[in-house]
Amino acid sequence: MELRVFRYALALYQQKTGKFPLSLEGLLNEKWRPPGSSEDKPFLEGARRGERGFLIDPFGKRYWYNPATGGVYSTAKGCEKW
């Protein structure tokens, strides 16, 4: 999953709730109703989880998240500044 997808989901979450989730995994668990839809959907779908349940990037590295700022980062080599 690309960082921009996480950042979009975080921005949507903040817009709908007025705050950032406590964890990235909160984007998978909390739901919202998109305009024109009759059902609630998670803020984020299709993210991969590692053995410990954390969300991981395509290289198998854990995504890091700062709930105070909404910043999400990858520690994979070459992706640190995305």
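**Figure 1. The two faces of strand β3 in the predicted model**. One face of β3 is covered and carries Tyr63 and Tyr65. The other face is uncovered and carries Trp64 and Asn66. Tryptophan 64, a residue of strand β3, has a relative accessibility of 41% and so counts as partly exposed, since the partly exposed class lies between 20% and 50%. Apart from neighbours within four places in sequence, tryptophan 64 is in contact with Gly71, Val72, Tyr73 and Thr75. The C-alpha atoms of tryptophan 64 and phenylalanine 54 are 9.2 Å apart in space, while the two residues are ten residues apart in sequence.

**Figure 2. The hairpin of β3 and β4**. Strand β4 comprises residues 71-74 and pairs with β3 in the antiparallel sense, over four bridges. Two of the facing positions may be followed in this view. Tryptophan 64 stands opposite tyrosine 73 of β4, and tyrosine 65 has valine 72, also in β4, as its bridge partner. Four residues lie between the two strands of the hairpin, and in the turn glycine 70 has a positive phi of about 80°.

**Figure 3. Valine 72 and its surroundings**. Valine 72 belongs to strand β4. The relative accessible area of valine 72 is 0%, so this residue is buried, the limit for that class being under 20%. With neighbours within four places in sequence left aside, the contacts of valine 72 include Leu3, Phe6, Arg7 and Leu10. Leu24, Tyr63, Trp64 and Tyr65 are also in contact with valine 72. Valine 72 and leucine 24 are 48 residues apart along the chain, and their C-alpha atoms are separated by 8.4 Å.

**Figure 4. The largest nonpolar core**. This core has 18 residues. Phe6, Leu24, Leu27, Leu44 and Leu55 are the members with the most contacts inside it. The elements that give two or more residues to the core are α1 (3-17), α2 (26-29) and β3 (63-66). The most is given by α1, with six residues.

**Figure 5. Glutamate 25, a buried charged residue**. Glutamate 25 is found in the loop between α1 and α2. Although buried, glutamate 25 has no salt bridge. The nearest side chain of opposite charge is that of arginine 49, 5.4 Å away; this separation does not meet the salt-bridge limit, because that limit requires the atoms to be within 4 Å. Not counting residues up to four places away in sequence, glutamate 25 touches Arg49, Gly53, Phe54 and Leu55.

**Figure 6. The salt bridge of aspartate 40 and arginine 33**. Side chains of opposite charge can pair when their charged atoms come close. The side chains of aspartate 40 and arginine 33 meet in this way, at 2.9 Å from N to O. The count for the model comes to one salt bridge. Aspartate 40 is partly exposed, with a relative accessible area of 39%. Arginine 33 is likewise partly exposed, with a relative accessible area of 46%.

**Figure 7. Confidence along the predicted chain**. The chain averages a pLDDT of 88, and 95% of the residues score at least 70. Confidence in the chain is highest in strand β2 (residues 41-42), at 93, and lowest in β4, at a mean of 87. Where pLDDT is low, the predicted coordinates should not be read in detail.

Terms used
Residues numbered from 1 in each chain as written. Heavy atoms only, no water. Core = buried A, V, L, I, M, F, W, Y, C linked by side-chain atoms within 4.5 Å. Buried < 20%, exposed > 50% of the residue type's maximum accessible area, 1.4 Å probe, protein only. Pairing = 2+ DSSP bridges. pLDDT = per-residue confidence, 0-100. Lys, Arg positive; Asp, Glu negative; His and termini not counted. Contact = heavy atoms within 4.5 Å.
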